[in-house]
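Here is a friendly walk through one protein model, from the overall picture down to single residues. Have the sequence and the structure open beside you as you read.

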Amino acid sequence: MSDNPTLEECVSIPISEPELLEVTEKAKDWAIMHGAAMRSKTNFSPDSLNFAPFLLTPSSFPRKEFEKAVALQTIINRLMHNVAHDEEFLTTTLAETIKVDEFTGNLFNIYKKVLANGFGQALSLGILRSDYLAHMSDENAIKQVEINTIASSFGGISTHMLPLQSYVLGELGQYEKLKNMPENKALAGICDGMIRAWEIYNNPKAVIMFIIEDVSYNICDQRFHEFYIREKCPHIKVLRRTLTQVHKNGKLSLKKELILEDQEVAVIYFRAGYEPGQYHSQDEWDARYMMECSTAIKCPSIHYHLAGTKKVQQALAQPEMLERFINDPEEIKAIGKIFTGLYSLEDNDVGNATYEMALKEPERFVLKPQREGGGNNVYGLDIPDVLRKMSRVERSAWILMDLIHPPVSKGYMIRPGGTMPPPIVEVVSELGIFGVVIGDVDNIICNYQAGHMLRTKISTANEGGVAAGLGALDSPYLVD
């Protein structure tokens, strides 16, 4: 066990072995029977599910910092909306990155083409997730890890973590702990945003289309969105199609409506399209361009996608930059406090100084590319070798970020095929706050905080992606 400061656990650990074995088996069955589940990557079958990795009891998170993150989300929504609609800022910020990062360059080329030809739809739907770690050396104040503007996942399954862990606490006779677990309506919040966009589009016969991977492992999380929409609005049809299928079967009408298999598409929700492997050929890029030209409301639109790049995050953390997008001095101050150190690696005096700093003290940092989906970052002592293999130009596709040191807590991580009884592990937790924003360059129509998720990993692990197999789902137990 580490010597790091720890947060107070929700329940007294260890739990006696007989009780632990019994409640773990019940929790696994609860998870599968309520859809807190995923398809196996190692033994894939479209006809079977494993429960998603989860923490048996909720992990502690500082109450004050949780409430701060919730309160900040509508400001962050507005910030990212303004960033996405600032052509000059996006162009300048990404100028060096797109020269060496082919994927970001392809996205940017679509953006420039759509700008030149005129957007078919002025409105965008943003479903965002701002991720935080508490930082021990700053009295556990939250620091932003990243902001997700595409495929902001786990709103569906995370909604089930509160009742799952509440059930476990009840089985352990810890009912009084439930009052410290905040309500979570992430699924409803996210889906209501899609429904609102569909209503704004104003064609009762049009459909919502989810852009999906060729194989969807995180199927429950996606299907819960579809099922919620159908249940709340039975007249709205949801299609699930890959980029390849859109290229094959989609077309634009004379008025730029997106027509897919004789159905007009009102809203496009991207759960794929955020990494190079999802574009198998030029066909998929052509499909993305066609969708961006259409009258459908995109989530995200191409400019929202670009606004979520790490390079933009790094640029926003520079002093005075927030003033470009936010008018209120108190809001600027509040947002500025959640940023940790973010540094450019471009081939100039500032970037070269960052490069030398990273070689000298690599243990202080994490190296990040312009990618989503987990498993892409480089940590600590691995950084120098990676940097030395890059040319000065190639470094422009990466940013350097101060390593955040979150407080540790103890718990039981339950994984498919895991050891029984589960061992006690030291863990750290990353909080994600969902937000929904709809608007155009001049106006924001709706803007709200839309629930949360907690992703927990072994304290010694660098990455924590659940879909990538590196973390586990959880919910916060708020401590003072």
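## Elements and overall form

Helices (H or I, at least four residues) and strands (E, at least two) are DSSP runs here, numbered from the N terminus. With that in hand, one can say that Lys256 sits in the loop between strand S9 (250-252) and strand S10 (258-260); we will return to Lys256 further down. Please keep in mind that this is a predicted model.

Counted this way, the protein has 15 helices and 21 strands. Its radius of gyration is 22 Å, close to the 23 Å that the globule rule gives for 480 residues, so the protein is as compact as a globular protein of that length. Along the principal axes, the C-alpha atoms fill a box of roughly 70 × 55 × 45 Å.

## Burial, contacts, surface and charge

How much of the protein is buried? Buried residues are 60% of the 480 residues. Among contacts with a separation of 6 or more, 75% are between residues 24 or more positions apart.

Turning to the outside, the accessible surface is about 19500 Å², and carbon and sulfur atoms supply 49% of that surface. The protein carries 48 positive and 63 negative charges, and the mean positions of these two sets are 3 Å apart.

## Two nonpolar cores

In soluble globular proteins, nonpolar side chains tend to be buried together. In this model the largest nonpolar core has 66 residues, and those touching the most other members are Phe54, Leu56, Leu125, Met194, Ile208 and Ile229. Helix H7 (residues 186-201) gives this core its largest share, 10 residues. A second, separate core holds 64 residues, including Leu72, Leu239, Phe339 and Leu478.

Met194 is a good place to look more closely. Which residues does Met194 contact, leaving aside neighbours within four places in sequence? They are Leu125, Ile127, Ile208, Phe210, His225, Ile229, Val267 and Tyr269.

## Two arginines in different settings

Arg241 belongs to strand S8 (residues 238-241). Is Arg241 buried or exposed? Its relative accessibility is 18%, and buried means under 20%, so Arg241 counts as buried. Beyond its neighbours within four places in sequence, Arg241 is in contact with Met209, Phe210, Ile211, Ile212, Val246, Leu260 and Glu261.

Arg324 is found in the loop between helix H12 (310-316) and helix H13 (329-338). At 40% relative accessibility, Arg324 counts as partly exposed. Not counting residues up to four places away in sequence, Arg324 touches Asp86, Glu88 and Phe89. The C-alpha atoms of Arg324 and Glu87 are separated by 13 Å, with their positions 237 residues apart along the chain.

## Prolines and cis peptide bonds

The loop between H12 and H13 also holds Pro319. With 70% relative accessibility, Pro319 counts as exposed. Pro319 and Gly336 are 17 residues apart along the chain, and their C-alpha atoms are separated by 8.3 Å.

Where are cis peptide bonds to be seen? One runs from Cys299 to Pro300, with omega near 0°; Pro300 lies in the loop between strand S12 (297-299) and helix H11 (302-307). Another cis peptide bond joins Met420 and Pro421, with omega about -5°. Pro421 is in the loop between strand S17 (409-414) and strand S18 (424-439).

## Positive phi and the loop after S9

Asn202 has a phi near 70°, a positive value in a residue other than glycine. Asn202 is located in the loop between H7 and strand S7 (207-211), and at 63% relative accessibility Asn202 counts as exposed. Lys256, met at the start, likewise is a residue other than glycine with a positive phi, near 75°. The relative accessible area of Lys256 is 30%, so Lys256 is partly exposed.

Glu257 lies in the loop between S9 and S10 too. Which residues does Glu257 contact, leaving aside its neighbours within four places in sequence? Tyr201, Lys251, Leu252, Glu264 and Thr295 are its partners. From Glu257 to Ile142 the C-alpha to C-alpha distance is 43 Å, and the two are 115 residues apart in sequence.

Terms used: Residues numbered from 1 in each chain as written. Predicted model: local features only at pLDDT ≥ 70, side-chain atom pairs only at ≥ 80, totals over all residues. Heavy atoms only, no water. Core = buried A, V, L, I, M, F, W, Y, C linked by side-chain atoms within 4.5 Å. Buried < 20%, exposed > 50% of the residue type's maximum accessible area, 1.4 Å probe, protein only. Contact = heavy atoms within 4.5 Å. Rg over C-alpha atoms; globule rule 2.2 N^0.38 Å. Areas by Shrake-Rupley, 256 points an atom, 1.4 Å probe, with all protein chains shown as cover. Lys, Arg positive; Asp, Glu negative; His and termini not counted. Charge placed at Lys NZ, Arg CZ, Asp CG, Glu CD.
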